[in-house]
Amino acid sequence: MTERRPRTYSTKAIVIGQRDYVDSARIITILSPEFGKREIVARGLLKPKSRLAGHLEPGTYCQLEIAVGRNLDIIREAQTIEMFREARSDLQSLTIFLYALDLADKFSLEDTGGELFNPLLTVIQRIAGGYPHSVSIRSFEFELLDSSGFRPVLDQCIHCGSDVPAEDAVWSPTDGGVVLKQCLDNVQRVSSISSRALKVLRAYQEWDFDQLVTIAVDSSLELELSSVMHDLMKTVLERELKSANLVEEVRWWQVSNDHVTKPN
Ligand SMILES: [Zn+2]
């Protein structure tokens, strides 16, 4: 006798995306520890009295009851476990929060990626918990790169393998690491990286989170770190990341606003 697939199942999940479907239904993308990334239909979600509404916003950690469908499975019940309101309370937190969700989505294929559930939950808790955004999001990026086999090489030249002093380093997102200035001609695309940015990235890759939160990162360094890492994530994923662009736009806007409003 063949084993019959259960007609319903329940799981904890984080909603990582949402898009239009037919009528008042929406397709919800979830990341679950057991099932990984999965697209599921939420029927009637856009109706005013939908009992699912409010439990399926992107970034919500929820408990779901799901019915197996012919093509897509269907959400029967949804209960919020945690909304992470603090992560949505200001524009900078919100953009980084959405960027983390976007990364979890883009780094997972359908029905895989369950191992990213705990790292995603951790980064969201850190963003909501008031930890420095820079450390929280960079730690998550490094975790994604490690788990997908794209750990960047930050100490040795990716061409010749020699140790690279931070002052002599050039950065190559396409080759995923640093290169010595004399080896420049052997890599595809390079950009400059300051020695202090490289030193901080080396620490982000190696140190524990508790140690990392002690590193002071000013806004210009933060801009450089996010631009280097966003470029790397886009290169690894071979696609544009609108959420990353938005993080940088908000950061630029805030930095320039600070300059305008602060008296000399
Ligand atoms: Zn070299």
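Which residues does Ala169 touch, not counting residues up to four places away in sequence? In this predicted model, Ala169 touches Val164, Val178, Ile193 and Leu198. Ala169 itself lies in strand S6, and it counts as buried because 23 C-beta neighbours fall inside 10 Å, where 20 or more are required. A further relation in space links Ala169 to Leu154, for these two residues are 15 apart in sequence while their C-alpha atoms are 9.1 Å apart.

The strand that carries Ala169 belongs to an open sheet of three strands, arranged in the order S7-S6-S8 with antiparallel pairing. Strands S7 and S8, the latter comprising residues 191-192, stand at the edges with a single partner strand each, so that one side of each is left without a neighbour in the sheet. On one side of this arrangement, S6 (residues 169-172) pairs with S7 (residues 177-180) in the antiparallel sense over four bridges, and within that pairing Val170 stands opposite Val179 of S7. S6 is also paired with S8, again in the antiparallel sense, over two bridges, and here Val170 stands opposite Ser192 of S8. Val170 is thus placed opposite a residue of S7 and opposite a residue of S8. The hairpin formed by S6 and S7 has four residues between the strands, and Gly176 in this hairpin takes a positive phi near 70 degrees.

At the level of the whole chain, the secondary structure comes to seven helices and eight strands. The C-alpha trace spans about 65 × 60 × 35 Å along its principal axes, and of the 264 residues of the protein chain, 34% count as buried. Among contacts between residues at least 6 apart in sequence, 54% join residues that are at least 24 apart. The chain is divided into domain 1, covering residues 8-83, and domain 2, covering residues 86-261.

Within domain 1, the hairpins of the N-terminal strands can be described in turn. Strand S1 (residues 8-20) is joined to S2 by six bridges, and the two strands run antiparallel; in this pairing the bridge partner of Gln18 is Ile28 in S2. Five residues lie between S1 and S2 in the hairpin that they form, and Asp23, which is located in the turn, has a positive phi of about 50 degrees. S2 is in turn joined to strand S3 (residues 36-42) by seven bridges, with the strands again running antiparallel, and the bridge partner of Ile30 in S3 is Arg38. The hairpin of S2 and S3 has three residues between its strands. Strand S2 (residues 26-32), which takes part in both pairings, is largely enclosed by the rest of the structure, because six of its seven residues are buried.

The relation between the two domains was examined next. Their centres, taken over C-alpha atoms, are separated by 30 Å, and 15 residues of domain 1 are in contact with 18 residues of domain 2. On the side of domain 1 that touches domain 2, the elements that give two or more residues are S1, S2 and S3. By class, this side of domain 1 has seven nonpolar, five polar and three charged residues.

A residue of strand S5 (residues 73-82) was also considered, namely Glu82. Glu82 is partly exposed, because the 15 other C-beta atoms within 10 Å of its own lie between the limits of 12 or fewer for an exposed residue and 20 or more for a buried one. Although Glu82 and Gln125 are 43 residues apart in sequence, their C-alpha atoms are 9.7 Å apart in space.

Two helices also come into contact. The axes of helix H2 (residues 117-128) and helix H3 (residues 133-147) come within 9 Å and cross at roughly 170 degrees. Since angles over 145 degrees count as roughly antiparallel, H2 is roughly antiparallel to H3. On the H2 side, the contact is made by Pro119, Val123, Arg126 and Ile127, whereas H3 contributes His133, Ser136, Ile137, Phe140 and Glu143. The residues of this contact of H2 with H3 divide into five nonpolar, two polar and two charged.

Terms used:
Residues are numbered from 1 along each chain as its sequence is written. This is a predicted model: local features need pLDDT of at least 70, side-chain atom pairs count only at pLDDT 80 or more; totals for chains, interfaces and linings use all residues. Two strands pair if DSSP finds at least two bridges between them. Two residues are in contact if their C-beta atoms, placed from the backbone, lie within 7 Å. Axes are lines fitted to C-alpha atoms, for helices over the stretch in contact, and angles run from 0 to 180 degrees between N-to-C directions. Angles under 35 degrees count as roughly parallel, over 145 as roughly antiparallel, 65 to 115 as roughly perpendicular and the rest as oblique. Ala, Val, Leu, Ile, Met, Phe, Trp, Tyr, Cys and Pro count as nonpolar, Asp, Glu, Lys and Arg as charged, and the others, Gly among them, as polar. Domain bounds come from an automatic or database domain assignment.
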